[in-house]
Amino acid sequence: MTDNKIRVLVAKPGLDGHDRGAKVVARALRDAGMEVIYTGLRQTPEMIAEAALQEDVDVVGLSILSGAHMALTPRVMELLKANGQTHVKVFIGGIIPDEDLQSLKEMGVAGVFGPGASTEDIIRDVQTAVAG
Amino acid sequence: MIYSQAVLNGDRLALARLLTQVENNTPAGRTALIELFPHTGRAHLIGVTGAPGTGKSSLVNQLALYYRKVENKRVAIVAVDPSSPFTGGAVLGDRVRMRDLSGDPNVFIRSMATRGSLGGLAQATANMAQVFDAAGFEIIIIETVGAGQSEVDVARLAHTTLVVEAPGLGDDIQAIKAGILEIADILVINKADRPGVENTEKALKSMLDLAHPTERVFQHHGSAMRTVAPAQDSSATLMWIPPIQKTVSIESKGIVELAESIGRHVNHLRQGGDWAVRERTRIEVELEALIREALLNRFREEVPQEKYDDVIEKVIQRNISPWEAVKRLLKGR
């Protein structure tokens, strides 16, 4: 039993209650053979970082539709770093305006997926990020 | 040494990393298990199993809250969910029901996929429980979907096993069919505010009566029929009869009573000597599994792959039977 699975935390920070996208992505990653820990709605950055720590994940996927990504993302990144999880790749999905992409990248976000992103691309990018 | 010392010092990241190593059965994980073993044997392992949809995760959430708030014990949770047999992936969603526990450094929740390994799940779970035990968690709750042999094996690791039922999931025949009832130390009827709870309770009670014979009188075709219980020796008087606890976990109802019931079971185990018996059984089973693994590995090292393939081919061609094949391989011919 020595198979190393990619472990992904899929979380919805903030107050919007639409988790359809997060669930579709969780399912696609599962079908790609990954172990996806789904935490449900309305998570604080603290709850997300704690779950990422306890579950020793390789990847954190944040689904944000509320427009609060510029506030929530840096907080999650900070907490992951404070916990010593600097190797964890962070992806964002949701409604993210183009003008924010650059600053998110500078924060260290590994990828951003907007409406219409294909699950194949998401799977590929996650696998590449973890391998690299 | 990198992991074990850090885990003993209370480093949560090291604990999380070590759990991964142990789950993946890596050399580093095995080394740490050896180093941590002297620090184990203190925790109370509680297994929680039952059909999907009975509310196990919510119940575990409530129990963990009780142990934190009332008994001030450190609580670890291993939540096991199935892997897809086709892709090997899994969605592990038990944390959704355990958000009340977030932010408490004395609670550690770890989700785990079954990974479809033959018997490996029980071993991996046992090893992860040992890591938590060594890390000083006093209560370790192992939650599994009660749907197969591997889950039963996992439940058998526990000192106290709860089997969770809910009203409306099936008639009393289901209760008879379900082999998992026999592993229950405590039966929990969760969602007990739902209609049909009396029927569920009645079905479980009658199952328990069948499983634990005492002298009883039945009305059978109008005449009284007496069954005679086996002679009671001193150990039988100490026999534990699984109680039925009713809970509504989303309203925190019945949780205190359930925890008290668990406490009574622990006292029963300790006073009646069953704790030592279970510990011994557990260690026996574990040793046996390790021996099997070691022997198999040694065997695979000794027999060249070509030889192995050759024998398999002969079996496929029906030249020899599988039993003869095993004999040949063991003789190294």
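**Exercise 1.** In β3(A), which residue is the bridge partner of Ala11(A)? Describe the pairing of β1(A) with its partner strands.

*Solution.* The model examined here is a predicted one.

Step 1. Within β3(A), the residue bridged to Ala11(A) is Leu62(A).

Step 2. This bridge belongs to the pairing of β1(A) with strand β3 (residues 59-64) of chain A, a parallel pairing over four bridges.

Step 3. β1(A) is also joined to β2(A) by four bridges, and these two strands run parallel. Here Leu9(A) has Ile37(A) of β2(A) as its bridge partner.

Step 4. The connection from β1(A) to β2(A) passes through helix α1 (residues 20-31) of chain A, and this β-α-β crossover is right-handed.

**Exercise 2.** Determine whether the residues of strand β1 (residues 7-11) of chain A are buried or exposed, and state which way they point.

*Solution.* Step 1. A residue counts as buried if 20 or more other C-beta atoms lie within 10 Å of its own. By this criterion, five of the five residues of β1(A) are buried.

Step 2. In a regular strand, side chains alternate between the two faces of the sheet.

Step 3. In β1(A), Arg7(A), Leu9(A) and Ala11(A) point one way, whereas Val8(A) and Val10(A) point the other way.

**Exercise 3.** Establish the strand order of the open sheet in chain B and identify its edges.

*Solution.* Step 1. The sheet has seven strands with parallel pairing, in the order β4-β2-β5-β1-β6-β7-β10 (chain B).

Step 2. β4 (107-113) and β10 (244-246) of chain B each have a single partner strand, so one side of each lacks a neighbour in the sheet and they stand at its edges.

Step 3. From one strand to the next, the twist averages 20°.

Step 4. Inside the sheet, strand β1 (residues 44-50) of chain B is joined by five bridges to the parallel strand β6 (residues 160-165) of chain B. Gly47(B) stands opposite Thr161(B) of β6(B).

Step 5. Helix α4 (residues 56-69) of chain B lies across strands of chain B including β1, β2 and β5, and runs at about 175° to β5(B).

**Exercise 4.** Characterise the contact between the two chains.

*Solution.* Step 1. Contacts link 31 residues of chain B with 27 residues of chain A.

Step 2. On the side of chain B that touches chain A, α2(B) gives the most, with six residues.

Step 3. By class, that side of chain B has 11 nonpolar, 14 polar and six charged residues.

Step 4. A strand pairing also crosses between the chains: strand β2 (residues 35-38) of chain A pairs with β3(B) in the parallel sense over three bridges. Within β3(B), Val91(B) is the bridge partner of Val36(A).

Note on methods. Residues numbered from 1 in each chain as written. Chains lettered and ligands numbered in written order. Predicted model: local features only at pLDDT ≥ 70, side-chain atom pairs only at ≥ 80, totals over all residues. Pairing = 2+ DSSP bridges. Axes fitted to C-alpha atoms, helices over the stretch in contact; angles between N-to-C directions. Contact = placed C-beta atoms within 7 Å. Nonpolar A, V, L, I, M, F, W, Y, C, P; charged D, E, K, R; others polar. Buried ≥ 20, exposed ≤ 12 C-beta atoms within 10 Å, placed from the backbone. Right-handed = clockwise from strand over helix to strand, strands pointing away.
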